[in-house]
Amino acid sequence: MDSSGIDDIQRVRDASDIVRVIGEHIELKARGKEYVCLCPFHDDKKPSMTVVPQKQIYKCFSCGAGGDVYEFVKNYHQMTFGEAIRYLADRAGVKLQERHRKRTSNDNADSVTKSVLIEANELAERFFKSILRHAEHGTAARELIEKRGISKEMVDAFHLGASPDRGDGLRQCLESKGHKLDPFMQLGLLKASDRGQAPYDAQRNRLVFPIRDQIGRVIAFGGRRINDEDEPKYINSSESPVFDKSSTLFGLDLANRAIQREGVAVIAEGYTDVIACHQAGITNTVATLGTALTTKHATVLQRLCHTVVFLFDGDEAGQKAADRAAEVFLTLPIDAKIATLAGYTDAKDPDELLKQEGGADVLRQAIAEATELLEYRLGRLRSRLATAGAAETERAIREEFRTLGQLGLASADKVRWQFVVRRLSELSGLTTDTVAELVREGGKRAPRLAPVEAEPKIDEIEYRPHRSVTAEILGCMLSMPERWIGMDENEALLESECRETRLWPVFEAMRELAHGTGRTDVLSVVDRLRSTGENHTLAIELERDVSRRHDENTQQMAETLNVCFQTLRQHASTVEAKPASSTADRLEQIKAQKGAFGPNTRILPRVKPH
Ligand SMILES: [Zn+2]
């Protein structure tokens with residue numbers, strides 16, 4: 001990689017503090033000098049990922065994911081390195097040199113498709129925005145916005161647009177500028193004509209809501225009809241490599257920070273409710289895209305907050321949501337609550353409520369007083385059985401608990417299980433033993449799933465990867481990069497030990513760096529491995545393993561390093577002992593080696609950390 005490339009990489013990384021960047025995606029908790037969070041790269045129930053500000057790296061001790069800020073962004077958003085650097089540069093306001101500004105041959109075909117589709121969406125967004133501003137074609141949409149009471153600020157923040165009342169507005173615009181139509185067909189913005197004619201616009205005479213991902217890239221559009229006689233009421237973009245409906249939340253790019261700040265996400269019913277809530281200052285509001293909330297949605301949210309409040313217009317919608325939410329939330333470590341407007345106002349939806357005097361306060365109250373999902377379900381059950389006797393009510397409650405078991409509670413992890421069972425006991429007056437028994441009964445009705453193995457707490461993990469002497473040495477050196485200087489004959493020794501092992505690429509990168517720039521810190525090594533197409537995670541693993549065991553104590557690590565080199569030297573002299581003259585001598589020699597180093601000569605006696 002040429003020097004201008006490295007320059008960009010360092011400048012952007014210097015401007016992208018890893019704690020801030022990861023913190024924008026996942027809620028971080030401080031623990032000592034580090035931060036911990038739920039790992040987004042495996043199905044994490046306990047915080048298994050640590051973020052180390054001092055080293056600017058992250059590492060998951062459960063699935064092994066690890067890297068620098070670029071690796072996090074790449075893996076979290078499934079970007080290429082080029083996209084990651086452009087995203088981080090944009091975020092930090094760093095201007096890139098030419099070679100990183102555009103897509104390169106390093107970006108694979110899959111990601112080229114993705115960035116082509118996102119660029120196509122950006123183009124379409126500009127078109128829809130220009131139509132909304134258009135004196136003639138935007139009139140009807142502007143009137144709808146006015147009628148809905150959507151403010152100028154919200155129109156800008158949500159980048160609202162409009163599609164003209166004709167079937168070829170977008171296509172003609174694209175063709176006149178010489179754009180290929182294929183990406184727009186793939187996105188469902190243009191539809192193939194069945195009479196073999198030119199493709200036509202999917203969004204016709206609609207108010208257009210761009211749908212963005214968590215970091216604000218336009219991935220799809222939702223179009224609401226302007227004329228009531230048009231069907232259907234809403235048209236969304238097709239699912240595509242950039243748009244997965246079941247994991248996308250409308251408004252998340254704008255709500256992200258507020259959700260983290262408040263620890264609560266409000267889920268409204270649709271686009272206009274989300275916009276109305278944001279306009280009223282309830283900025284932690286998002287919506288699913290015409291589907292029930294899925295486990296994928298919940299997984300995104302549980303990284304950001306501890307509570308999800310479903311905001312529904314009426315009891316009926318609320319009940320349906322409560323039923324579905326139960327399936328998703330019973331086993332996840334996130335609390336679900338239900339807020340319905342019915343008890344607070346005559347307004348039929350948040351949108352209407354917020355147009356009334358003091359409407360925002362009423363809405364805030366409804367959200368603050370939202371009922372816990374389980375309590376909501378039991379309350380509904382009781383009101384349905386209001387006229388039934390006590391025995392009948394108890395029977396129904398028992399059945400409800402079996403249903404919860406069937407819905408997944410029976411296979412929840414231990415912590416969640418205990419929490420929910422205790423809560424159900426409080427709500428119902430039945431003992432926890434009885435509740436547990438009923439839930440387990442229900443669980444037996446559910447199709448048998450493999451039991452969920454509880455993940456060990458991070459503190460309980462005795463983390464022990466390939467603790468060979470050479471690995472220990474490389475780990476210490478990654479943690480104390482200046483140690484390479486003055487290594488002299490030890491370097492040759494280390495080289496022969498690393499050769500033909502999986503440590504080789506890391507050793508080689510470190511040696512090259514030591515002789516070149518003189519920097520063998522873990523980030524420089526990661527950069528180098530990435531530029532040569534080698535796996536960087538081993539470097540992170542080696543550094544973290546050593547640093548954690550020695551509690552980042554450099555004094556201790558320096559001592560370990562000395563002991564390790566002594567051991568290596570001893571080992572080398574034994575191996576170099578004069579060749580055995582007879583089979584008997586040879587056997588003696590092997591025995592002696594095994595006595596000293598165990599059956600595998602590469603894995604030496606465990607080095608005491610003290
Ligand atoms: Zn993980």
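Trainee: What joins strand E10 (residues 218-225) to E11?

Mentor: In this predicted model, three bridges join E10 to E11, and the strands run antiparallel. Two strands pair if at least two bridges are found between them, and three bridges join these strands, so E10 and E11 count as paired. Within this pairing, Gly223 stands opposite Ile235 in E11.

Trainee: How many bridges join E9 to E10?

Mentor: Seven bridges join E9 to E10, and these strands also run antiparallel. One facing pair is Ile211 and Ala220, the latter in E10. The two strands form a hairpin with five residues between them. In the turn, Gly216 has a positive phi of about 90°.

Trainee: What joins E6 to E9?

Mentor: Three bridges join E6 to E9, again with the strands antiparallel. Here Ala162 stands opposite Leu207 in E9.

Trainee: In what order do the four strands form the open sheet?

Mentor: The order is E6-E9-E10-E11, with antiparallel pairing.

Trainee: Why do strand E6 (161-163) and strand E11 (234-236) have one side without a neighbour in the sheet?

Mentor: E6 and E11 stand at the edges and each has a single partner strand, so one side of each is left without a neighbour in the sheet. From one strand to the next, the twist averages 30°.

Trainee: Which residues of E9 (residues 206-212) are buried on one side and on the other?

Mentor: Arg206, Val208, Pro210 and Arg212 are buried on one side, and Leu207, Phe209 and Ile211 on the other. Seven of the seven residues of E9 are buried, and the strand is therefore described as mostly covered. Over the chain of 610 residues, 40% count as buried.

Trainee: Why does Glu400 count as partly exposed?

Mentor: Glu400 has 19 C-beta neighbours inside 10 Å. A residue is buried at 20 or more and exposed at 12 or fewer; Glu400, with 19, therefore counts as partly exposed. Glu400 lies in helix H18 (residues 390-406).

Trainee: Which residues does Glu400 touch, not counting those up to four places away in sequence?

Mentor: Glu400 touches Arg377, Leu378 and Leu381. Glu400 and Leu381 are 19 residues apart in sequence and 8.5 Å apart in space, C-alpha to C-alpha.

Trainee: Why are H17 and H18 described as parallel or antiparallel to each other?

Mentor: The axes of helix H17 (residues 373-384) and H18 come within 10 Å and cross at roughly 150°. Angles over 145 degrees count as roughly antiparallel, and H17 and H18 are therefore roughly antiparallel to each other. H17 passes H18 in a right-handed crossing.

Trainee: Which residues of H17 and H18 meet?

Mentor: Arg377, Leu378, Leu381 and Arg382 in H17 meet Thr393, Ala396, Ile397 and Glu400 in H18. The residues of this contact divide into four nonpolar, one polar and three charged.

Trainee: What covers the buried residues of H11?

Mentor: The cover includes helix H8 (152-157), strand E12 (264-268), helix H12 (271-279) and strand E13 (285-287). In H11 (residues 252-262), the buried residues are Leu252, Leu254, Ala255, Asn256, Ala258, Ile259 and Gln260. Gly263, whose phi is positive, near 70°, follows H11.

Terms used: Residues numbered from 1 in each chain as written. Predicted model: local features only at pLDDT ≥ 70, side-chain atom pairs only at ≥ 80, totals over all residues. Contact = placed C-beta atoms within 7 Å. Axes fitted to C-alpha atoms, helices over the stretch in contact; angles between N-to-C directions. Parallel < 35°, antiparallel > 145°, perpendicular 65-115°, else oblique. Left-handed = near helix turned anticlockwise from the far one by under 90°. Nonpolar A, V, L, I, M, F, W, Y, C, P; charged D, E, K, R; others polar.
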